[in-house]
Amino acid sequence: TVDDRADLHSILRTTFGFTEFRGKQEEVIDRVMAGHNTCALMPTGAGKSLCYQIPALARSGTAIVVSPLIALMHDQIRAANAVGIRAASMTSADSDNAATAQALLAGELDLLYVAPERANTGGFQSLLTQTDISLFAIDEAHCVSEWGHDFRPDYRQLRPMLDRFEHVPRLALTATADETTRRDIVRQLGIPDEGLIVAGFDRPNIRYAISARGNTGKQITDFVTRNPGAGIVYATSRAATEKLAATIADTGRQAGFYHAGLPPEQRAAVQAEFVRSDDMVMVATIAFGMGIDKPDVRFVIHAGLPKSIEAYYQETGRAGRDGDPAEAQMFWSANDFAKARQRLDEVEPERLPSEQARLNALAGLVEAPTCRRAILLRHFGEQPDAACGACDNCENPPQVIDVTETARKLLSA
Ligand code: ADP
Ligand code: MG
C-alpha cells in the first residue's frame, strides 16, 4: 500500500540518511515485505545489507541474519548500531550470549547475526520457536553451493530450519553467482525462480587491464607512480606483502601491509590508517577487504593470479565504489597457472571438476584478446556489448599473428 511505501522511504531517509533506493533494492524490499522468498544477486557495494535491514525495521519481530564470518558480523553490527538499529550477534567471540538470548526473547532486537553452525543447532531453533521472527536473511548465500567459491557445508544444512519456520520470508543475498551457482542457491534454499532478482554486474567506472608479469616490483611501482589516490595491491604471500610495501615506500608513496599473520591490533591500526588516507597503498593478501567500507579506492592491483573470476570480480569491485574512475590491473604469469594446477592435486575428487572449470574460466579471461568486461559479464550470465571501450584489449587490440602470411612465406621460400 501507499502507506507501506511511505514507511519504507521514511526509514531509508531517517535511519540511513539516503534519499533514493539504488538499483534493485526497492524491488527486493517490496518482495520481502510481501512475505515472498527472494534471492538478491547484486554486485559488491550495491547495498545488499539495506535489503534486509529495512524490512527488519518495517516488519514486526527480529530478523535472523546468517553470515559466514564473525568479523563480517561485527562490522555490520557496528554500522547498524551507529544508525540506531538494535543489532547483536551470538557467536563464540561474544561473551554475553545469554543476555542476547534474553533480549531476543524480549523482542528487543531488530537484527540477530549468527553463523550457520549455530543456526542449525536444536538449542538455537528452540529459542526461535519463542521468538517473533521478521525474516531470515542468508548473507553471502553463495556459500550454500558447492559451485560457489566459498562452499560451507553448514550453509547447505540451513534448509530444515528455514522450512521449520515456513511462514517467515527468506532472503538470500550474494554478489558472486554464475548461472550454475545461482540456480543451485535458489534450489537449495527453496526460493521460487521468480524470486531471483538480479542486478547488473557491470561496474562501468572501473577500467580493466591484465598483463604479463615481469619484474613485479618495478611494474607495481611504475603503476602506483602514475596513479594517485588510495589503492590496494593483492600479493600472493605474506612475505610478498611486506617486501612490496617496502618497495613502494621507497618511492616516497605511503604504503602499508596487511595479512592474517599480523597481530589483530596491528591489522586494525593499518586498516584504519588506510580507510582515512586518500593516498595510501595497502599491500595485502586476500584476507584484506571484506567488510571494508572505503568508497574512494582508486585502484586494485593483482600482483599474481586471483583464485577465480568470482574472486577477481569481488576484489576489483572494491575500487571505485564512489562511482569515480578507477583502475583494476592484474599481472599474471604462466607459472601462476602451473602452481594453481599443482594445487588441484590436493583437491577432493568430487570438487575437482568445478575447480578445473574455475581455473579454465580464469585462463579464458587472462589470455583473451577480446573485451575483458564482456568476458566478466558473460561469466555472470549477462549479455553485454562485444566491446566496452574501457579495458586494455578494447583500447589496444592485441596483435593477432597472421598465420596465413607466415605460411605463405614459408611455402614460397
Ligand atoms: P553489499 O553488501 O552489496 O556489498 P553494502 O550493503 O555493504 O553492500 O553497502 C555498500 C555501501 O552502499 C554502504 O556504504 C551503504 O551504506 C551504501 N548504500 C546502500 N544503499 C544505499 C542507497 N540507497 N543510497 C546510498 N548509499 C547506499
Ligand atoms: Mg554485504
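Helices, taken as H or I runs of at least four residues, and strands, taken as E runs of at least two, are DSSP runs numbered from the N terminus. The exercises below concern a predicted model.

**Exercise 1. The chain as a whole**

Task: State how many helices and strands the chain has, and what percentage of its residues is buried.

Solution: Counting the runs gives 19 helices and 13 strands in the chain. The chain has 413 residues, and buried residues make up 39% of them. A further step looks at contacts with a separation of 6 or more, of which 73% are accounted for by residues 24 or more positions apart.

**Exercise 2. The nonpolar cores**

Task: Determine which residues touch the most other members of the largest nonpolar core, and which helix gives the most to this core.

Solution: The largest nonpolar core holds 54 residues, and within it Leu-112 and Ala-137 touch the most other members. Helix 3, which spans residues 48–58, gives the most to this core, contributing 6 residues. Turning to Leu-112, and leaving aside its neighbours within four places in sequence, one finds it in contact with Thr-62, Ile-64, Val-65, Ala-88, Met-90 and Leu-104. There is also a second, separate core of 50 residues, which includes Leu-305, Ala-328, Cys-371 and Phe-380.

**Exercise 3. Two helix pairs**

Task: For helix 2 with helix 3, find the packing angle and the distance between the axes, and classify the orientation of the pair; then treat helix 11 and helix 12 likewise.

Solution: Helix 2 (residues 25–33) packs with helix 3 at an angle of about 40°, and their axes are 9 Å apart. Angles under 35 degrees count as roughly parallel and those from 65 to 115 as roughly perpendicular, and helix 2 and helix 3 are therefore oblique to each other. The crossing of these two helices is right-handed. On the side of helix 2 the contact is made by Gln-25, Val-28, Ile-29, Val-32 and Met-33, which meet Leu-50, Cys-51, Ile-54, Pro-55 and Ala-58 of helix 3. By residue class, this contact divides into 9 nonpolar, 1 polar and no charged residues.

For the second pair, helix 11 (residues 216–226) and helix 12 (residues 238–250) pack at an angle of about 50°, with 10 Å between their axes. Helix 11 and helix 12 are therefore also oblique to each other, and their crossing is right-handed. Here Gly-217, Ile-220, Thr-221 and Val-224 of helix 11 meet Leu-244, Thr-247 and Ile-248 of helix 12. The residues of this contact divide into 4 nonpolar, 3 polar and no charged.

**Exercise 4. Helix 17 and the loop that follows**

Task: Decide whether helix 17 is largely enclosed or largely open, and list what its buried residues pack against.

Solution: Helix 17 covers residues 372–379, and 6 of its 8 residues are buried, so the rest of the structure largely encloses it. The buried residues are Arg-372, Arg-373, Ala-374, Leu-376, Leu-377 and His-379. These pack against strand 8 (206–212), helix 14 (309–316), helix 16 (352–367) and helix 18 (392–395). After helix 17 comes Gly-381, whose phi is positive, near 85°.

The next step takes Cys-391, which is found in the loop between helix 17 and helix 18. Cys-391 counts as buried because it has 22 C-beta neighbours inside 10 Å, where 20 or more are needed. Not counting residues up to four places away in sequence, Cys-391 touches Arg-207, Tyr-208, Ala-209, Cys-371, Arg-372 and Arg-373. Cys-391 and Arg-373 are 18 residues apart along the chain, and their C-alpha atoms are separated by 7.1 Å.

**Exercise 5. The loop between strand 5 and helix 8**

Task: Establish whether Glu-140 is buried or exposed, and what is notable about the sign of its phi.

Solution: Glu-140 lies in the loop between strand 5 (133–138) and helix 8 (153–156). With 22 other C-beta atoms within 10 Å, Glu-140 is buried. Most residues other than glycine have a negative phi. Glu-140, although not a glycine, has a positive phi of about 50°.

Cys-143 also has its place in the loop between strand 5 and helix 8, and counts as buried with 24 C-beta neighbours inside 10 Å. Beyond residues up to four places away in sequence, Cys-143 touches Pro-68, Gly-148, Asp-150, Phe-151, Arg-152 and Tyr-155. The C-alpha atoms of Cys-143 and Arg-156, which are 13 residues apart along the chain, are separated by 7.8 Å.

Key
Residues are numbered from 1 along each chain as its sequence is written. Chains are lettered from A and ligands numbered from 1 in the order in which they are written. This is a predicted model: local features need pLDDT of at least 70, side-chain atom pairs count only at pLDDT 80 or more; totals for chains, interfaces and linings use all residues. A nonpolar core is a set of buried Ala, Val, Leu, Ile, Met, Phe, Trp, Tyr and Cys residues joined through C-beta atoms within 7 Å. A residue is buried if 20 or more other C-beta atoms lie within 10 Å of its own, exposed if 12 or fewer, and partly exposed in between; C-beta atoms are placed from the backbone. Two residues are in contact if their C-beta atoms, placed from the backbone, lie within 7 Å. Axes are lines fitted to C-alpha atoms, for helices over the stretch in contact, and angles run from 0 to 180 degrees between N-to-C directions. Angles under 35 degrees count as roughly parallel, over 145 as roughly antiparallel, 65 to 115 as roughly perpendicular and the rest as oblique. A crossing is left-handed if the near helix is turned anticlockwise from the far one by less than a right angle, and right-handed if clockwise. Ala, Val, Leu, Ile, Met, Phe, Trp, Tyr, Cys and Pro count as nonpolar, Asp, Glu, Lys and Arg as charged, and the others, Gly among them, as polar.
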